[in-house]
Amino acid sequence: MNKVFNTRYLVHLVLAGLFSFLVFNLTYAVRPSDYDLKEGDTTSASGSDDPDVYIINEHGYKRLFLNPVIFNFYGHLGGFAKVKAISPSTRDAFITSGLFRNCEANDEKVYGLESTGEDTSILHWINTTGAQAVIDDPNFFKKVFCINNNEFNWYLKGSDYNSVNQIPVYSRDTTSTSTVRVGIIEFVPQNVVYGDVHYAYLKKTSGCWLSSGGEIGNYYWVSGSNQSIHSSDCYDILETYSFLDIFNNLSKGISKNVQRTIYGEEDTMETLHSVYYIKDFYEKEALKYGVSDLAIDIDVKGPYMLASDPPLGGRWGVGEGVCNASLTEFFVNEAISRGVDESQYDVIAYVYLGDWQLSGRSYEGFTSCATGSKSFMTVTTWRLPQEDEGVVTLAHELGHSFGASDYYTSPCPQNPTLWSCVKDPEGIPEPNKIPKYPQTKGCLMAQIIAYNKPGSDEAGDATSISNLNQAVICDATAREFGWR
Ligand SMILES: [Zn+2]
């Protein structure tokens, strides 16, 4: 596959069922340093409707001090004078934990806090083994906060919990929202060259390069003039769209009536999607799983012109890229210097629009990768007819930020001569189709439509998803999202 390689990174879900008010389980922990904070900092979103004071830990969790009495049990923290003012969105980036241990008494027992009123709570011993707790919640011990004798004794004690799954979500925040705020921050090299695409009428076939097996009198999307493979005596060009006209199209793309047979189906309306269509894609897919309250808010910034090439990202050719620090820092700093406020977003995609095929520049972009709530990708400004591969890549990488793993493997385990193949069954959208192959759609997190059994080494084994219309959110991914 000639795609930019993708990478997988995810931190697994936290107490999945309990966060069902979130449509995605966007509950990976953040790094305090991302917010200029460190372990042990006391914080408050002063000026907001929630003036509560929290302390954060190095794992990206916070605990609430229920009231001033409890806060004053910890004089060494410096009192209210030492509390750092943070924004409500920074406060919310740290997941509130209600797990405590009396470290002063060297008590190994972990307790869960049940809120019983505005400023009152009850502690319950979580009577389960440490091993079972980690099975139930891999991040269990990262969420445990030390308390002292005074605080421990302040609480009433309730009946034991027998499982991690009995712990209530401990948070005062009663506002639950299912709106996921996605920031797409775009960058371009200097003197960027955008490709374009024509909507055109075929008037002659002889001596013409026909990308779509065309017939005279039919309408097609055809490659634009920058790619210079279509002569104007073959086509009447009706409309021309530059890459950005489509990629950042506020109407979510451009649809045209065309005559073209793709994948055995006659399509009459062909849409080149824009990044804004990703909202519709996810909301429509969520509905298939009965999730009707997902709202994605997409905000595009840029494109901003870069003074220098980005560093190379992950490693090529190993199937799993890793976001390296120089790549992530490069884009985060570039964004900040443009006034982008990261705290406005739940997830952010940093998109480099690369033009090496058109400009001849030597820098070809970097390996796409995702880490936590951020993803970084190269999208080429070369847009072929009928394809919106860049939008597919973007939707895929955002999928990682929403908690999904990859459902392709590279190289193909069944046949290492193949670059990659679909994971069966996770990457097969229509497992009950008869015959099973060819599949007509691809799982977004596999990025591949399987035409034959994975690894069968037949010509046309699989093809990349080249238009978001061919992609679906498959069952295994829906589970990771918490959609089912
Ligand atoms: Zn991936």
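## Burial and overall make-up

In this predicted model, 43% of the chain's 484 residues count as buried. The secondary structure comes to 10 helices and 26 strands. Look at the contacts between residues at least 6 apart in sequence, and you'll find that 69% of them join residues at least 24 apart.

## A five-strand sheet

Let's start with one sheet. It is an open sheet of 5 strands, in the order S4-S1-S2-S3-S5, and its pairing is mixed. Strands S4 (84-85) and S5 (95-96) sit at the edges with a single partner strand each, so one side of each has no neighbour in the sheet.

How are the strands of a sheet held side by side? They pair through backbone hydrogen bonds, and they may run parallel or antiparallel. Here, S1 (residues 42-44) and S4 run parallel and are joined by 2 bridges. On the other hand, S1 and S2 run antiparallel, with 3 bridges between them. S2 also runs antiparallel to S3 (residues 61-65), this time with 4 bridges.

Ser44 is a handy residue to find on screen. Its bridge partner in S2 is Val53, and Ser44 also stands opposite Ala85 in S4.

## A closer look at S2

Strand S2 covers residues 53-56. Which way do its residues point? Val53 and Ile55 point one way, while Tyr54 and Ile56 point the other way. That fits a general pattern: in a regular strand, side chains alternate between the two faces of the sheet. Are these four residues of S2 buried or exposed? Val53, Tyr54, Ile55 and Ile56 are all buried.

Following the chain on from S2 takes you into a hairpin with S3, with 4 residues between the two strands. Gly60 in this hairpin takes a positive phi near 90°. Across the S2 and S3 pairing, Ile56 stands opposite Lys62.

## Tyr304 and its contacts

Now jump along the chain to Tyr304, which is found in strand S17 (residues 295-305). Why does Tyr304 count as partly exposed? It has 14 C-beta neighbours inside 10 Å, and a residue needs 20 or more to be called buried, or 12 or fewer to be called exposed.

Which residues does Tyr304 touch, leaving aside its neighbours within four places in sequence? Tyr304 is in contact with Glu186, Phe187, Glu334 and Arg338. Phe187 is worth a look: it lies 117 residues from Tyr304 along the chain, yet their C-alpha atoms are separated by 4.6 Å.

Note on methods
Residues numbered from 1 in each chain as written. Predicted model: local features only at pLDDT ≥ 70, side-chain atom pairs only at ≥ 80, totals over all residues. Contact = placed C-beta atoms within 7 Å. Pairing = 2+ DSSP bridges.
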